[in-house]
Amino acid sequence: METSIFPVDARNIGRIYAVRSTRKNDILDDLAIEFDEDGEDAKHLLRAAEQLKCSDIPVAFPTETVYGLGADATRSEAVRGIYKAKQRPADNPLIVHFASLRQLRDLLAPSQATEIKALTNGHTPKSHDDDPIPPIYRPLISKFWPGPLTIILPNPADSQLAPEVTAGLATFGARIPANLLALALIKTANIPIAAPSANASTKPSPTAAEHVAFDLDGRIETILDGGPCDVGVESTVVDGLCDPPLILRPGGVSAEQLRSCAGWENVQVGYKNAAETGGSQPRAPGMKYRHYSPRAPVVLFEAGARAPTVEDMRGYVGGNAKLGVIRTRCWTIDGTNHENPIITSRPIETAHTDTQREGAGGFAGLLATLHSSPQPSRTITAHSLTAKGSPFELLDLALGPDTAGVARGVFAALRELDKRDVDAILVEGIDETEGTTAAAVMNRLRKAAEVNVAG
């Protein structure tokens with residue numbers, strides 16, 4: 001099939017505004033859209049929404065984290081289209097995206113008391129105004145939705161979800177994204193959208209439409225191009241149905257932020273468990289299989305590891321005589337002196353910041369703070385080197401010291417160097433203890449790496 005990219009600026013599709021929820025004293029407002037149906041942007045979006053409702057071929061679209069590959073979560077044939085396009089293992093569950101709490105409640109209703117009781121060791125939490133959303137999640141929803149947070153919910157016994165979404169689990173992951181184009185698409189289609197990242201399975205996550213096209217050309221028909229993603233790593237996944245609550249995947253919301261919410265003071269890290277190394281079924285996406293890997297082997301140097309010498313680098317060079325390097329905090333390049341190591345370490349001199357997403361403020365807050373984050377430079381500098389009499393080319397890509405910039409740029413950097421047919425990619429890691437975004441970046445890089453060099 002032919003794959004087409006359609007540029008869409010959500011600000012040009014018509015009037016988008018926040019409205020009060022029809023539910024009394026609700027924890028989240030709602031979003032309203034009045035389309036300019038004569039505009040090209042609106043036409044592209046409406047066409048994609050119709051495809052989601054009627055076609056079994058998934059549609060790619062941007063979120064604030066990475067690009068997603070979406071399909072109607074209630075139709076098995078449509079969901080199987082995701083697995084087919086991505087060539088994704090069938091036991092890897094999918095996150096379901098919603099445009100409102102009403103849409104989520106419609107899927108959960110009737111009340112989930114039986115399922116919640118079964119999943120919380122016989123204890124049935126007191127519901128809030130007969131809300132089918134477990135009360136443990138109310139503080140998180142009010143503070144972090146729309147945003148990069150996925151919550152694990154009990155799947156109803158009479159669930160509308162296709163069984164392929166949950167991969168046989170009694171639960172599913174749900175989130176409301178903080179991207180106007182994604183929200184408009186889901187709201188217009190008026191169906192829950194199952195959407196993993198829009199890359200070929202195991203490959204680096206896509207943070208631009210061109211990445212989707214590179215991986216999935218000929219496998220899907222439509223890519224909505226809403227520009228580069230703001231966050232660059234996937235959502236945090238949390239399970240509040242167990243005691244203590246668990247973080248199943250690090251992402252855009254930190255453990256510290258979660259612990260500031262009632263009921264989440266003792267949340268624990270749960271993504272370093274047996275499911276990551278094989279054997280058991282993953283409870284959330286990204287827990288079991290190798291992910292985020294380009295074709296070239298990735299060598300990850302943990303924070304504090306000695307910078308590689310020219311001789312070290314020559315050991316990773318293969319038949320193409322090309323080596324890629326991604327620099328972040330401490331590695332600096334001396335392109336003039338080939339007798340000593342071309343990459344050296346230096347103290348961190350530039351302040352770096354972690355992405356700390358505070359209260360989203362609902363849809364009204366999202367509209368008030370609408371912006372596009374600057375993208376890190378992806379300029380590649382080539383150096384000609386010789387080690388032990390053998391010449392090779394070093395392709396250098398510096399992302400800079402800012403953690404948010406590293407998160408937004410690391411997947412794109414892996415893809416850029418891979419396109420240059422390098423034999424291997426050396427990556428300077430960052431300190432995962434500084435915050436959630438750094439932890440998420442290192443979590444993804446460790447899954448991508450074939451070799452880890454300890455600090």
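**Figure 1. N12 in its loop.** N12 sits in the loop between β1 (4-7) and β2 (14-19); strands here are DSSP runs of E, at least two residues long, and helices are runs of H or I of at least four, both numbered from the N terminus. The model is predicted, so local features need pLDDT of at least 70 and side-chain atom pairs count only at pLDDT 80 or more, while totals for chains, interfaces and linings use all residues. Residues are numbered from 1 along each chain as its sequence is written, and side-chain values use heavy atoms, with hydrogens and water left out. At 43% relative accessibility, N12 counts as partly exposed (buried is under 20% relative accessible area, exposed over 50%, partly exposed in between, with a 1.4 Å probe and protein chains only). Its C-alpha atom is 7.9 Å from that of D36, and the two residues are 24 apart along the chain.

**Figure 2. Helix α1 against α7.** Helix α1 covers residues 40-54, and its end C-alpha atoms are 21 Å apart, in agreement with the 21 Å expected for 15 residues at 1.5 Å each (the expected span is 1.5 Å times one less than the number of residues). Buried residues of α1 include D41, H44 and Q51. The axes of α1 and α7 (residues 180-189) come within 9 Å and cross at roughly 50°; axes are lines fitted to C-alpha atoms, for helices over the stretch in contact, and angles run from 0 to 180 degrees between N-to-C directions. That makes the pair oblique (under 35 degrees is roughly parallel, over 145 roughly antiparallel, 65 to 115 roughly perpendicular, and the rest oblique). The crossing is right-handed, meaning that the near helix is turned clockwise from the far one by less than a right angle; anticlockwise would be left-handed. On the α1 side, L45, L46, A48, A49, L52 and K53 make the contact, and on the α7 side L181, A184, L185, T188 and A189 (contact means heavy atoms within 4.5 Å). By class, that is 9 nonpolar, 1 polar and 1 charged, where Ala, Val, Leu, Ile, Met, Phe, Trp, Tyr, Cys and Pro are nonpolar, Asp, Glu, Lys and Arg are charged, and the others, Gly among them, are polar.

**Figure 3. Two partners of α12.** With α13 (residues 436-448), α12 packs at about 25°, the axes 9 Å apart, so the two are roughly parallel. T403, V406, A407, V410 and F411 of α12 meet T437, A438, V441, R444 and L445 of α13, a set of 7 nonpolar, 2 polar and 1 charged. Now for α8: its axis (residues 209-216) and that of α12 (residues 403-419) come within 11 Å and cross at roughly 50°, which makes this pair oblique. Here E210, H211, F214 and D215 of α8 touch A412, R415, E416 and K419 of α12, with 2 nonpolar, 1 polar and 5 charged residues. The α12 crossing is left-handed with α13 and left-handed with α8.

**Figure 4. Backbone oddities in loops.** W145 and P146 are joined by a cis peptide bond with omega about -5°, and P146 falls in the loop between α5 (138-144) and β7 (149-154). D243 to P244 is also cis, omega near 0°, with P244 in the loop between β11 (236-239) and β12 (246-249). T202 has a positive phi near 80° and is partly exposed at 33%. For A321, phi is near 55°, again positive in a non-glycine residue, and the relative accessible area is 26%.
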